[in-house]
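Reader: Mind if I throw some questions at you while I look through this one? Show me what we have first.

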Amino acid sequence: MKKQFKSKDFNGAAFVVFPTEEKAREFIEKSKETPIKYEDGSVLESSLQDDHYKKKALESANGGRASSDNEKYKKNNDKEIRKEKRKEDLEKQTNEHLEKLNNENLPGALIHIAGMPSNGTRELIKEKFNPFTKTPWIDFNKGDAEAWVRLNEANTAKDVLEKVLAAGQGKLVIGDKEVTSRIVEGEEETQFWKEANEKRAAERTKKHQRFGGSKRGGHGKRNTRGGGGGGFGQKRKRDEDGNQSNDHERQSNSSKKPRETTVD
């Protein structure tokens with residue numbers, strides 16, 4: 001609900017957000033066929049936000065406002081336009097990431113683990129799978145009761161899981177607890193990739209904005225080169241989703257506590 005600039009009283013105009021642009025346009029067209037009336041009988045006018053701003057800008061240019069109000073209106077209008085443009089750019093970027101990720105889905109390469117111990121970690125899961133496959137992706141946060149193991153090659157889940165269980169004499173033990181494991185297939189597998197890719201696409205967009213989307217210098221940027229910053233001279237690498245990893249994380253005698261955030 002829009003308000004007067006000085007008095008903050010309602011000025012009779014409001015912006016209504018619809019779930020899609022199509023729904024908004026549909027409402028506008030129907031309001032032309034059947035005018036919408038307020039409780040006092042007055043007819044309400046409706047238009048798309050962009051059309052509304054263009055109309056007001058034209059009125060301002062034709063002397064409909066005082067010069068000071070024109071400047072304030074122009075600034076507010078430009079701000080709204082920039083905001084909408086940025087939103088559109090982010091949505092476009094996220095959709096591009098999502099399309100790329102959907103093309104990378106690997107069928108028959110997903111394993112589900114249930115009954116994780118309270119002290120379970122991604123590193124403990126990797127220890128069981130690393131001898132039989134390339135380093136897998138582990139979707140797990142510390143404290144969760146379940147985890148998903150995403151392998152790097154299609155149609156390898158059955159063979160890899162059999163080898164993992166054989167190495168444990170028919171059991172899969174994470175930490176000090178026996179867990180249950182199974183291959184994810186069919187609709188459940190499809191749904192997993194859909195949700196995982198949507199989440200990863202959104203995270204990639206955020207990381208792009210954080211590391212590469214801003215043109216500003218200064219404290220907002222992180223030094224990702226080896227030896228830069230606060231004296232930490234170890235070379236860092238980035239995985240496909242922008243997460244940092246380093247060589248000492250893979251050493252068994254490392255004293256640094258592993259990070260317990262989502263891998264991607």
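Reader: Okay, Lys32 and Glu29: which helix do both of them lie in?
Author: Keep in mind that this is a predicted model. In it, Lys32 and Glu29 sit 3 residues apart, about one turn of the helix. Their closest N and O atoms are 3.8 Å apart, and the cut-off for a salt bridge is 4 Å, so the pair counts as one. The element that holds both residues is helix 1.

Reader: Is Lys32 buried or exposed?
Author: The line between partly exposed and exposed is drawn at 50%. Glu29, its salt-bridge partner, has 43% relative accessibility and counts as partly exposed. Lys32 has a relative accessible area of 59%, so the label for Lys32 is exposed.

Reader: Which residue does Arg25 meet in a salt bridge?
Author: Look in helix 1, residues 21-33, and go 4 residues along from Arg25, about one turn of the helix. Arg25 is partly exposed at 43%, and its partner is partly exposed too, at 48%. The two side chains meet at 2.9 Å, N to O, and the partner is Glu21.

Reader: What about Lys163 and Asp159, what is the N to O distance there?
Author: Both lie in helix 5, residues 157-167, and they are 4 residues apart, about one turn of the helix. Lys163 counts as partly exposed at 38%, and Asp159 is partly exposed at 40%. Their side chains meet in a salt bridge with an N to O distance of 3.3 Å.

Reader: And how many salt bridges does the count come to?
Author: Lys163 with Asp159 is one of them, and Arg25 with Glu21 is another. The count comes to 9 salt bridges.

Reader: On to the packing: which element gives the most to the largest nonpolar core?
Author: That core has 18 residues, and those with the most contacts inside it include Ile111, Phe129 and Leu151. Strand 3, helix 4, strand 5, helix 5 and strand 6 each supply at least two residues. With 4 residues, the one that gives the most is helix 5.

Reader: How many residues are in the other core?
Author: The other core lies apart from the largest one. Among its members are Val184, Phe192, Trp193 and Ala196. Its size is 5 residues.

Reader: Why do the buried residues of helix 4 line one face of the helix?
Author: The buried residues there are Arg122, Ile125 and Phe129. They pack against strand 3, strand 4, strand 5, helix 5 and strand 6. Seen down the axis of helix 4, the buried residues line one face because they fall within an arc of 65°.

Reader: Which residue's side chain is joined to His112 by a polar contact?
Author: His112 lies in strand 3 and is buried, with a relative accessible area of 7%. Beyond four places in sequence, His112 touches residues including Ala147, Trp148, Thr180 and Val184. The polar contact is 2.8 Å, and the residue at its other end is Glu146.

Reader: Asn155 next: what separates its C-alpha atom from that of Ala109?
Author: Asn155 is in the loop between strand 5 and helix 5, and it is exposed at 61%. Leaving aside neighbours within four places in sequence, Asn155 is in contact with Pro107, Gly108 and Ala109. Asn155 and Ala109 are 46 residues apart along the chain, and their C-alpha atoms are separated by 5.4 Å.

Reader: Over which residues does pLDDT stay under 50?
Author: The mean pLDDT of the protein chain is 76, and 72% of its residues reach 70 or more. For the stretch you're asking about, the model has 68 contacts beyond four places in sequence. The stretch where pLDDT stays under 50 is residues 214-264.

Reader: Last one: among contacts between residues at least 6 apart in sequence, what share join residues at least 24 apart?
Author: The protein chain has 6 helices and 9 strands, and 23% of its 264 residues count as buried. Among contacts in the chain between residues at least 6 apart, the share joining residues at least 24 apart is 58%.

Conventions. Residues numbered from 1 in each chain as written. Predicted model: local features only at pLDDT ≥ 70, side-chain atom pairs only at ≥ 80, totals over all residues. Heavy atoms only, no water. Buried < 20%, exposed > 50% of the residue type's maximum accessible area, 1.4 Å probe, protein only. Core = buried A, V, L, I, M, F, W, Y, C linked by side-chain atoms within 4.5 Å. Arc of directions from axis to C-beta. Contact = heavy atoms within 4.5 Å. Polar contact = N/O pair within 3.5 Å; in protein donor to acceptor, adjacent residues only side chain to side chain. pLDDT = per-residue confidence, 0-100.
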